[in-house]
Amino acid sequence: MSPRRAPVLACSVLGAAVVALDGTVLTVAQPALQRDLHADVGQVQWTSTAYLVAVASLLVFAGRLGDRYGHRRVFAVGALGFAAASTGIALAPGIGTVIVLRVLQGVCGALLQPATLGMLRTAYPPDRLGTPIAVRTAAIGLAAAAGPLVGGALVSAYGWRSVFLLGVPPTLAIGLIALATRERPNEANPSREPSPKRQTAATGLSALDPAGALLLAVTLGLLVHGLVEAARPGGAPTGLLAVAGAVLTGVVLARHERRAARPLLPPELLRSVPVVAGLAVLLAASAALSGSLFVATYFLQDVQGLDPLDCALRVLPLAVLIVLGAPLCPTLQRRFGPRRTAIAGAALLTLGVLLLARLDATAGAAAVGVSAALLGAGFVTLMVTATSVVVHRAPETHAGVAGGLQQTAMNIGPALGVATATLLLALVPDGGFVPSRGVALPALVLIAALALPAALALPRGADRRRTRPEPPTPRAGRRPCVRS
């Protein structure tokens with residue numbers, strides 16, 4: 001590996017893993033946080049909701065900032081801010097301070113996440129992106145799986161504040177590494193320099209499309225808030241109202257983007273069929289996975305009476321397949337192409353949700369484990385393949401926006417899946433927690449199956465094109481050499 005690429009890969013992998021770990025350990029720490037700060041359930045829920053809304057609202061704009069000012073610079077600001085916010089939460093005197101700092105942590109997380117993909121896109125040639133993305137995905141899966149175990153141990157031994165201190169050393173380290181590493185323009189192809197015309201067009205506040213960024217932030221914020229509210233008991237009216245507001249602001253955003261001279265969402269990116277198909281795959285897969293795990297957790301704990309540790313062990317094959325399967329995905333893409341690889345992943349994911357939907361109250365560990373393994377194998381195949389297509393097919397100048405869109409799909413999908421499962425569980429109160437008697441998992445089977453038509457729109461074969469360097473520009477004062 002090139003010495004210049006090693007810190008890029010380290011920052012990308014550690015940054016993505018820390019964010020994934022933070023999301024899973026917080027769930028374990030919330031009951032202790034509520035007791036220690038004398039908060040009610042609604043306030044504690046806002047420690048998660050505020051973070052989700054802040055992240056989802058700003059991901060695309062953060063990607064645009066990376067395209068404009070450099071992905072490593074934006075990544076460093078996000079990582080150092082994330083470390084500072086985490087430290088502040090660990091020292092917070094009350095629940096209000098925690099919520100405010102969680103918003104700040106969400107803003108910094110939004111700066112950090114798209115940059116983890118933008119840095120890879122600019123550091124690696126397009127035909128070599130599969131492996132670093134697979135390593136990043138495996139790290140996310142490992143962090144998400146380890147989160148509940150690590151969080152439970154820390155909370156039991158040191159209290160809930162230790163959970164937030166857990167991410168401070170790594171985010172501080174990678175932030176300093178990113179600051180110390182010099183960023184070169186067009187790092188994947190150093191011989192190409194941005195043209196003076198492009199540099200002129202990219203200057204000024206208008207290049208960031210602040211009106212479009214505000215409209216998109218409001219749209220995504222309302223959408224995520226609406227989905228989260230819909231998942232709360234009695235929150236359906238508020239959730240539907242927020243979703244309706246998201247639709248309205250989304251229409252205004254679409255009209256604005258068509259008229260903007262430099263739109264936040266580049267038309268060439270949104271007109272790319274592989275990019276849009278990859279985003280649709282990620283949205284459907286993450287919604288199906290998160291919704292299924294939500295139902296399975298209630299089934300294992302409330303119906304079968306398992307404790308949280310036994311419940312985690314039953315679904316452990318999911319995390320194992322994600323970690324072990326991620327490094328195999330680039331090889332599958334090179335051999336079979338993104339389309340066939342994604343179709344196989346969608347079939348595995350759909351089959352896993354279908355088997356989970358057929359479980360009854362007497363289901364054993366083997367049946368749950370097989371379903372979890374299929375979910376993990378299908379999800380990791382789709383995540384690595386679709387992410388590779390989105391990042392690969394996006395122009396390098398829009399790598400940050402593409403990374404922001406990818407992360408947006410991965411944030412909205414789980415909220416959509418959990419909201420769908422919650423609403424459908426409420427419709428069948430007597431048998432909803434038993435998969436074979438409910439309607440939630442059959443609906444999630446249909447959502448998982450939506451990844452199949454989206455996968456059909458992905459490229460058939462691996463794109464092996466290499467970018468040819470342009471001939472060097474003659475230096476001033478020297479005559480170009482002309483062969484006779």
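Modeller: Let's start with a definition: a residue is buried when its relative accessible area is under 20%, exposed when over 50%, and partly exposed in between. One more thing before we look around: this is a predicted model.

Colleague: Thanks! Let me try that scale. Is R161 buried, exposed or partly exposed?

Modeller: R161 has a relative accessible area of 26%, so it is partly exposed. Its side chain meets that of D36 in a salt bridge, at 3.7 Å from N to O. R161 sits in helix α6 (residues 161-165) and D36 in helix α1, so to speak distant parts of the chain, 125 residues apart. D36 is partly exposed as well, because its relative accessibility is 41%.

Colleague: What is the general idea behind such a pair?

Modeller: Side chains of opposite charge can pair when their charged atoms come close. In this structure the count comes to two salt bridges.

Colleague: Which residue forms a salt bridge with D22?

Modeller: That is R102, with the closest N and O atoms 3.1 Å apart. This pair also links distant parts of the chain, D22 in helix α1 and R102 in helix α4 (residues 95-123), 80 residues apart. D22 counts as buried because its relative accessible area is 8%, and R102, at 3% relative accessibility, is buried too.

Colleague: While we are in helix α4, what does Q113 touch?

Modeller: Q113 lies in that helix, α4. Leaving aside residues up to four places away in sequence, Q113 touches V19, Y51, V55, L59, R136, Q407 and N411. With a relative accessible area of 8%, Q113 is buried.

Colleague: Now the nonpolar interior. How many residues does the largest nonpolar core have?

Modeller: The idea is to look for buried nonpolar residues joined through their side-chain atoms. Here the largest such core has 106 residues, and L33, F75, V98, W160, L349, F379 and L382 have the most contacts inside it. Helix α1 (residues 6-37) gives the largest share of this core, 16 residues. Another core, of 24 residues, lies apart from it and includes V53, L269, V275 and L405.

Colleague: Could you zoom in on V98? What does it touch?

Modeller: Beyond residues up to four places away in sequence, V98 touches L33, L37, T47, I89, A92 and W160.

Colleague: How do I read a helix, then? What span should helix α3 have?

Modeller: Multiply out the rise of 1.5 Å a residue: the 20 residues of helix α3 (residues 71-90) should span 28 Å, and its end C-alpha atoms are 28 Å apart, which agrees. Burial tells you about its surroundings: 14 of the 20 residues of α3 are buried, so the helix is largely enclosed by the rest of the structure.

Colleague: And which residues of α10 are buried?

Modeller: First, a general point: an α-helix has 3.6 residues a turn, so residues three or four places apart point the same way. In α10 the buried residues are G239, A242, A246, T249, L253 and E257. What covers them includes α9 (210-230). Helix α10 (residues 236-259) has 24 residues and reaches 35 Å from first to last C-alpha, close to the expected 34 Å.

Colleague: Last stop, the surface. Which residues form a nonpolar patch there?

Modeller: L149, L309, L313, L316, V320 and L324 do, with about 550 Å² of accessible area together. Helices α13 (308-314) and α14 (316-325) each give two or more residues to the patch, and α14 supplies the largest share, three residues. L149 is found in helix α5 (residues 130-158).

Conventions: Residues numbered from 1 in each chain as written. Predicted model: local features only at pLDDT ≥ 70, side-chain atom pairs only at ≥ 80, totals over all residues. Heavy atoms only, no water. Patch = residues over 30% accessible without salt bridge, like charges linked within 9 Å, V, L, I, M, F, W, Y side chains within 5 Å. Areas by Shrake-Rupley, 256 points an atom, 1.4 Å probe, with all protein chains shown as cover. Salt bridge = Lys/Arg side-chain N within 4 Å of Asp/Glu carboxyl O. Helix = DSSP H or I, 4+ residues; strand = E, 2+ residues; numbered from the N terminus. Core = buried A, V, L, I, M, F, W, Y, C linked by side-chain atoms within 4.5 Å. Buried < 20%, exposed > 50% of the residue type's maximum accessible area, 1.4 Å probe, protein only. Contact = heavy atoms within 4.5 Å. Expected span 1.5 Å × (residues − 1).
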